[in-house]
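Q: Please take a close look at the charged and aromatic side-chain pairs of this structure. I should like one connected account of how these side chains meet and how far they are exposed.

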Amino acid sequence: SEVFSRPGGPSHAGSYSQYGPSRFPAPGRRSNNIKVRFFNAEERLEDLLEGPAFQEYARNVATNNYSFDRMFARSVRLESQFHILMESLEDGVIGVNERGEIFACSRHAEEMTCVSASLVQGRRCEEVFPYIPFVQCLQSRRTLPAKAVRVNGVNLSVEVVPVIRQNACIGAFALLQRFNDVEARQMVKA
């Protein structure tokens with residue numbers, strides 16, 4: 001069998017044979033049938049990882065990680081629920097992360113601001129929506145009450161709410177409403 005070792009490193013404990021870490025001599029013992037192969041500077045890690053010895057080792061040791069699979073499935077489910085919630089609201093919703101990059105823009109927000117969600121994803125909020133005070137909200141970590149803004153000839157009410165988790169601001173959401181919608185809701189309440 002062949003042991004893989006780094007230059008100057010031991011050819012026993014801590015090394016990997018082509019059959020995995022359990023098939024090498026105990027520390028202090030040397031086996032005559034083990035050939036030591038040192039890495040040279042010209043070898044690439046990718047070549048070693050794609051080689052038959054490591055592939056066999058990976059097949060025997062590596063299995064699907066149950067915890068990762070569960071976390072990924074939960075993440076997909078939560079993202080789907082978030083999208084459904086965003087689209088069911090009558091208000092326009094725009095979300096940014098802690099760096100001020102847009103990660104969410106609802107269909108209603110697209111209609112109110114005349115922007116395409118697919119074109120603004122990942123862009124800085126102040127470039128796309130200079131009239132929404134996202135940066136101020138992220139810095140102050142406080143809700144900015146609704147204020148009137150005129151966008152493309154339409155009066156909107158814009159409120160920005162920070163997302164705080166474990167005492168850190170991890171993003172913010174802007175809630176957009178047309179003034180006609182706000183007035184209609186106030187009339188119903190009265």
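A: In this predicted model, glutamate 126 and arginine 124 meet through their side chains in a salt bridge, with an N to O distance of 2.8 Å. Glutamate 126 has a relative accessibility of 34% and therefore counts as partly exposed. Arginine 124, with a relative accessible area of 30%, is likewise partly exposed. Side chains of opposite charge can pair when their charged atoms come close.

The structure holds six salt bridges, including one between arginine 99 and glutamate 101, whose closest N and O atoms are 3.1 Å apart. Arginine 99 has a relative accessible area of 46%, so this residue is partly exposed. Glutamate 101 falls in the partly exposed class at 24% relative accessibility.

A further salt bridge joins arginine 107 to glutamate 111, with 3.6 Å between the closest N and O atoms. Both residues belong to helix α4, which spans residues 107–113, and because they are four residues apart there, about one helical turn separates them. Arginine 107 is partly exposed at 39% relative accessibility, and glutamate 111 is partly exposed with a relative accessible area of 43%. The pair does not stand alone: salt bridges link Glu87, Arg107 and Glu111 in a network.

The aromatic side chains come next. Four aromatic pairs are counted in the model. One of them is formed by phenylalanine 82 and phenylalanine 103, with ring centres 6.4 Å apart and planes at 35 degrees, a tilted arrangement. Phenylalanine 82 lies in helix α3 and phenylalanine 103 in strand β5 (residues 102–105), so this pair ties together parts that are 21 residues apart in sequence. Phenylalanine 82 is partly exposed, with a relative accessible area of 29%, and phenylalanine 103 is partly exposed at 39% relative accessibility.

Phenylalanine 82 also pairs with phenylalanine 173; this pair is tilted as well, at 5.9 Å centre to centre and 55 degrees between the planes. Here the link runs between distant parts of the chain, from phenylalanine 82 in helix α3 to phenylalanine 173 in strand β8 (residues 168–178), 91 residues apart. Phenylalanine 173 has 21% relative accessibility and counts as partly exposed, because the buried class requires a value under 20%. Through these ring pairs, Phe82, Phe103 and Phe173 are joined into a cluster.

Helix α3 (residues 66–88) also contains phenylalanine 72. At 52% relative accessibility, phenylalanine 72 counts as exposed, since the limit for that class is over 50%. Together with Phe68, Met71 and Val76, Phe72 forms a nonpolar patch on the surface, and the four residues have about 440 Å² of accessible area together.

Aspartate 91 lies in the loop between α3 and β4 (92–97). This acidic residue counts as buried, because its relative accessibility is 18%. Its side chain makes a polar contact of 3.0 Å with the side chain of glutamine 177. Aspartate 91 is also 6.2 Å from leucine 175, C-alpha to C-alpha, although 84 residues separate the two in sequence. Strand β8, which spans residues 168–178 and holds phenylalanine 173, is thus a recurring element in this account.

How values were computed. Residues are numbered from 1 along each chain as its sequence is written. This is a predicted model: local features need pLDDT of at least 70, side-chain atom pairs count only at pLDDT 80 or more; totals for chains, interfaces and linings use all residues. Side-chain values use heavy atoms; hydrogens and water are left out. Patches are made of residues with over 30% relative accessible area and no salt bridge: like charges are joined within 9 Å, nonpolar side chains (Val, Leu, Ile, Met, Phe, Trp, Tyr) within 5 Å. Accessible areas come from the Shrake-Rupley method with a 1.4 Å probe; for residues, only the protein chains shown count as cover. Helices (H or I, at least four residues) and strands (E, at least two) are DSSP runs, numbered from the N terminus. Buried means under 20% relative accessible area, exposed over 50%, partly exposed in between (1.4 Å probe, protein chains only). A polar contact is a pair of N or O atoms within 3.5 Å; within protein, one must be able to donate a hydrogen and the other to accept it, and residues adjacent in sequence count only if both atoms are side-chain atoms. Rings of Phe, Tyr and Trp (its six-membered ring) pair if their centres lie within 6.5 Å; planes under 30 degrees apart count as stacked, over 60 as edge-to-face and the rest as tilted.
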